[in-house]
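Me: Please take a close look at one part of this model, the pocket, and set it in the context of the chains around it.

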There are 2 protein chains.
Amino acid sequence: MTVLMSPDELEAELRALGAARYHNRHPFHQLLHGGALNKRQVQAWALNRYCYQAAIPIKDATLIARTEDADLRRLWRQRLVDHDGMAEGEGGIVRWIALTEGLGLDRDMVTSRHRALPATRFAVQAYIDFVRDKPLLEAVASSLTEMFSPGIISERVSGMLASYSFITKETLAYFNARLDQAPRDADFALDYVKRHARTPEQQRAVIAALGFKCDVLWAQLDALHHAYVLPGMIPPGAFGHGGDWS
Amino acid sequence: MTVLMSPDELEAELRALGAARYHNRHPFHQLLHGGALNKRQVQAWALNRYCYQAAIPIKDATLIARTEDADLRRLWRQRLVDHDGMAEGEGGIVRWIALTEGLGLDRDMVTSRHRALPATRFAVQAYIDFVRDKPLLEAVASSLTEMFSPGIISERVSGMLASYSFITKETLAYFNARLDQAPRDADFALDYVKRHARTPEQQRAVIAALGFKCDVLWAQLDALHHAYVLPGMIPPGAFGHGGDWS
């Protein structure tokens with residue numbers, strides 16, 4: 001395909017891709033929000049996802065470091081604020097740690113990331129590498145999964161609250177903030193790629209970048225599903241291997 | 001020398017290094033604040049220094065992207081705020097552009113950086129590369145030239161205002177903000193290196209990092225001095241080569 005799409009056609013393509021490949025369609029997400037997991041499995045999800053959360057400001061600073069455009073840097077900087085907070089004890093990463101503590105996990109174990117699945121760490125690093133190495137337009141586009149995040153968050157929060165006695169509203173406080181932050185970020189990034197993808201090649205690259213990011217999220221749930229839903233597949237060293245859940 | 005210094009001894013070494021090698025000792029600085037330059041020469045200084053100013057947030061985001069320490073990231077983020085501002089039209093880079101416009105330079109020419117000296121661009125890139133590639137402690141230490149910046153700024157502002165009819169207080173507004181920002185940043189970075197340089201090797205590396213950064217600043221003034229003070233040495237393509245000062 002070498003046809004130049006209109007910006008709105010490009011947006012429609014991106015939305016179609018998300019509808020098909022965003023990780024809300026992954027079986028593990030269905031199990032998670034549907035209440036079909038036990039506490040160990042939810043813990044495994046939370047401590048693996050910590051690796052992703054902790055990498056986000058690194059990914060965002062990586063993007064900021066790449067651009068000579070002060071406006072883009074300034075707007076993208078808000079993501080650092082969201083995740084690292086305005087003061088100690090604030091921000092998305094702290095809220096995610098609170099979520100893992102609410103699930104009874106040891107903070108040091110979580111933040112060390114030593115018990116996370118290798119596949120989680122590799123997927124997260126692939127995301128940072130992508131944002132560092134690909135053209136800036138694609139780096140921006142790789143954030144577009146946030147277009148689909150309000151849906152999965154509402155589903156996840158209501159499902160988990162309804163289904164698990166060990167989950168409280170306070171534990172899930174992380175997601176409340178994201179419901180405001182993600183659409184703001186997604187609107188900006190979507191507008192950016194619609195304005196800057198001016199050739200068929202750039203439009204294809206933008207779509208591929210979103211596909212890549214869907215893969216990063218999907219692979220993390222694949223790894224969780226393989227290790228913690230299928231019996232006996234927790235890899236050496238990971239949370240729960242050999243019955244060690246500490 | 002393999003002796004471990006106390007943190008205060010380390011600070012004394014750093015201050016001694018700055019006293020010997022900070023660019024306030026460079027002849028070009030003496031000429032600049034002493035009123036001995038003509039307007040073309042001051043313009044050349046301003047447009048070359050723009051390259052350095054524009055690179056600072058990229059350097060700082062590069063450092064932020066390197067650390068897993070959310071506290072360090074959050075504190076260092078303030079430097080992005082200082083240079084890129086809280087809104088469009090604010091921040092240190094915009095103030096530097098105002099300085100160049102106050103000197104009668106075309107904004108697009110300045111921000112394109114095409115008429116800057118190659119040596120300026122190379123020195124600036126070396127700084128970014130250092131912060132990206134060296135151990136984090138050394139990356140932090142390379143910012144410590146700000147310990148010495150209030151002195152040079154007061155000297156520069158009072159000297160330039162007294163000496164040049166084409167310089168106004170408004171033109172130099174950039175430096176007012178820096179008088180508050182630089183000591184705050186320097187205090188934090190100095191405290192950081194005093195706490196984290198725990199071996200003689202690390203202490204030597206910290207001192208070397210400050211030395212490197214002094215070189216980066218000194219090399220920029222060397223290039224200006226060679227091109228714009230010595231006769232006939234403006235390199236091809238640079239501001240004023242062949243009599244083209246546009």
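Reply: In this predicted model, the largest pocket has a volume of about 730 Å³. Its lining consists of 29 residues, and those nearest the centre of the pocket are Thr62(A), Ala65(A), Arg132(A), Thr62(B) and Arg132(B). By class, 14 of the lining residues are nonpolar, 5 are polar and 10 are charged. Both chains contribute helices to this lining: helix H3 (39–64) and helix H7 (118–133) of chain A, and likewise helix H3 (39–64) and helix H7 (118–133) of chain B, each supply at least two residues.

The relation between the two chains can be stated precisely, since chain A is superposed on chain B by a rotation of 180° with 0.0 Å of shift along the axis, at an RMSD of 0.0 Å. This is the relation of a two-fold axis. The same surface serves both copies, with 100% of the contact residues of chain A recurring in chain B. Among the residues of chain A, Ala61(A) comes closest to the rotation axis, its C-alpha lying at 2.6 Å.

Turning from the pocket to the nonpolar interior, the largest nonpolar core has 165 residues, and those with the most contacts inside it are Val42(A), Trp45(A) and Val193(A), together with Val42(B), Trp45(B) and Val193(B). For one of these, Val42(B), the contacts that remain once neighbours within four places in sequence are left aside are with Leu32(B), Leu37(B), Leu103(B), Met160(B), Tyr164(B), Phe166(B) and Ile167(B). In soluble globular proteins, nonpolar side chains tend to be buried together.

Definitions and conventions. Residues numbered from 1 in each chain as written. Chains lettered and ligands numbered in written order. Predicted model: local features only at pLDDT ≥ 70, side-chain atom pairs only at ≥ 80, totals over all residues. Heavy atoms only, no water. Least-squares fit on C-alpha atoms with pLDDT ≥ 70 in both. Contact = heavy atoms within 4.5 Å. 1 Å grid on protein atoms, 1.4 Å probe; cavity = no way out; pocket = protein on both sides within 12 Å on 5 of 7 lines; lining within 4 Å. Points joined across faces, edges and corners; volume = space filled by probe spheres on them. Helix = DSSP H or I, 4+ residues; strand = E, 2+ residues; numbered from the N terminus. Nonpolar A, V, L, I, M, F, W, Y, C, P; charged D, E, K, R; others polar. Core = buried A, V, L, I, M, F, W, Y, C linked by side-chain atoms within 4.5 Å. Buried < 20%, exposed > 50% of the residue type's maximum accessible area, 1.4 Å probe, protein only.
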